[in-house]
Amino acid sequence: MALHEAGHAVVAHCLSHEIHELSIPGPAARMTAYANIDLPDAGGTRVEFEDMLTMLFGGRAAETIVLGQPSAGAAGDLAVATKLATRMHVCWGLGSGLASTETPAGASWPKIPSPIEAELRAGYDRACAFLMRHRGRLEQLADALLVRRHLGMNEIASILADAGDLASDRVDRKRADRNSPRRGQ
């Protein structure tokens, strides 16, 4: 659980988002773990939503990189990521098409369309790349969280201080996003 939450935090740090706190429950507690991270508003851009997808996959990617396989603990993250990617493509015109094909309330897709699966895969792959690059910090943060159970903003910042800020990647991605009318065409 600590590794999963640390994965979200390291990816968020790499994407220049503030991490307010990380918390995991004690052995006998019934609460869930969480990472409190600033996220962009729902009216965001494609780049902001891609970053959100990447952060959502940080936990699963951390488990895969360090443990060799993911756990079922990412089910909630996967559900949110799938919903976000679906809305990007079928509601907000941020995919390869412009038509809104939102399903009626409560309806679900019988099969995830390939552009949405590709969007999810890109977020996961990007999270893996960040975490492989900063695996040492990932493990340090997970170890600290496992011992303390709760880390505040200053403790997290201290551990991640040397993990680097990849803001230049974001600038380049924004420029590339502006120069192409739609990715996936």
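Biologist: How many helical turns, about, separate Glu50 and Arg46 in helix 2?
Modeller: This is a predicted model, in which local features need pLDDT of at least 70 and side-chain atom pairs count only at pLDDT 80 or more, while totals for chains, interfaces and linings use all residues. Residues are numbered from 1 along each chain as its sequence is written, and side-chain values use heavy atoms, with hydrogens and water left out. Helices are DSSP runs of H or I with at least four residues, strands are E runs of at least two, and both are numbered from the N terminus. Glu50 and Arg46 are four residues apart in helix 2, so their separation is about one helical turn.

Biologist: Which residue of helix 5 forms a salt bridge with Arg46?
Modeller: A salt bridge here is a side-chain nitrogen of Lys or Arg within 4 Å of a carboxyl oxygen of Asp or Glu. Arg46 meets Glu50 this way, with the closest N and O atoms 3.1 Å apart. In its salt bridge with Glu119, the closest N and O atoms are 3.0 Å apart. Arg46 lies in helix 2 and its partner in helix 5, so the pair ties together parts 73 residues apart in sequence, and that partner is Glu119.

Biologist: Which residues are joined into one network by salt bridges that share partners?
Modeller: The count comes to five salt bridges. One of them is between Arg148 and Glu155, at 3.8 Å from N to O. The network formed through shared partners consists of Arg46, Glu50 and Glu119.

Biologist: Is the aromatic pair of Phe57 and Tyr124 stacked or edge-to-face?
Modeller: Rings of Phe, Tyr and Trp (its six-membered ring) pair if their centres lie within 6.5 Å; planes under 30 degrees apart count as stacked, over 60 as edge-to-face and the rest as tilted. The structure holds one such pair. The ring centres of Phe57 and Tyr124 are 5.9 Å apart and their planes lie at 80 degrees, so the pair is edge-to-face.

Biologist: How many residues apart in sequence are the parts that this pair ties together?
Modeller: Phe57 and Tyr124 are both buried, meaning under 20% relative accessible area, with exposed over 50% and partly exposed in between (1.4 Å probe, protein chains only). Phe57 is in the loop between helix 2 and helix 3 and Tyr124 is in helix 5, so the sequence separation is 67 residues.

Biologist: What is the relative accessible area of Gly7?
Modeller: Gly7 lies in helix 1. Leaving aside neighbours within four places in sequence, its contacts (heavy atoms within 4.5 Å) are Gly58, Gly59, Ala62, Leu131 and Leu138. Gly7 is buried, and its relative accessible area is 0%.
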